[in-house]
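Morning, everyone. I have one short structure to walk through today. Please look at the screen.

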Amino acid sequence: MAEKATTSTPPASKEGGFNAIPQELLSLAMAFVPSQHWQNIYETNVAHARGTIFADLDKPFIGEEAVCHDRT
């Protein structure tokens, strides 16, 4: 009889954290990449400057600008 495959990983123990889970059960990474429709396309010169041709994907990293620094 074939072994039944499982898709769930056991919960991490409180003592060992994720080190208690065998590494062969863990994935390095998983990605979800939806298909991109050709709409809202930048002009070539703008696309080169922004790093993307799709205006909908233009999500600039603002870093420190997003953090409120109350220096009163």
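Let's begin with a term. A residue is called exposed when its relative accessible area is over 50%, buried when it is under 20%, and partly exposed in between. Keep that in mind. Also keep in mind that this is a predicted model.

Now take Trp38. Buried or exposed? Its relative accessible area is 66%. That is over the 50% cut-off, so Trp38 is exposed. Where does Trp38 sit along the chain? Find helix H1, residues 44-50, and look at the segment before it. That segment holds Trp38.

Trp38 has partners. Together with Ile41 and Ile53, Trp38 makes a nonpolar patch on the surface. The three share about 320 Å² of accessible area.

Next, the overall picture. The protein has one helix and zero strands. It has 72 residues, and 7% of them count as buried. About 7300 Å² of the protein is exposed. Carbon and sulfur atoms supply 56% of that area.

Now the charges. How many salt bridges does the structure hold? One. Which side chains meet in it? Those of Arg50 and Asp58, at 2.7 Å from N to O.

Look at the two ends of that bridge. Arg50 has a relative accessible area of 42%. That falls between the two cut-offs, so Arg50 is partly exposed. Asp58 is at 15% relative accessibility. That is under 20%, so Asp58 counts as buried.

To recap: Trp38 is exposed and belongs to the nonpolar patch, while Arg50 and Asp58 form the salt bridge.

How values were computed
Residues numbered from 1 in each chain as written. Predicted model: local features only at pLDDT ≥ 70, side-chain atom pairs only at ≥ 80, totals over all residues. Heavy atoms only, no water. Patch = residues over 30% accessible without salt bridge, like charges linked within 9 Å, V, L, I, M, F, W, Y side chains within 5 Å. Areas by Shrake-Rupley, 256 points an atom, 1.4 Å probe, with all protein chains shown as cover. Salt bridge = Lys/Arg side-chain N within 4 Å of Asp/Glu carboxyl O. Helix = DSSP H or I, 4+ residues; strand = E, 2+ residues; numbered from the N terminus. Buried < 20%, exposed > 50% of the residue type's maximum accessible area, 1.4 Å probe, protein only.
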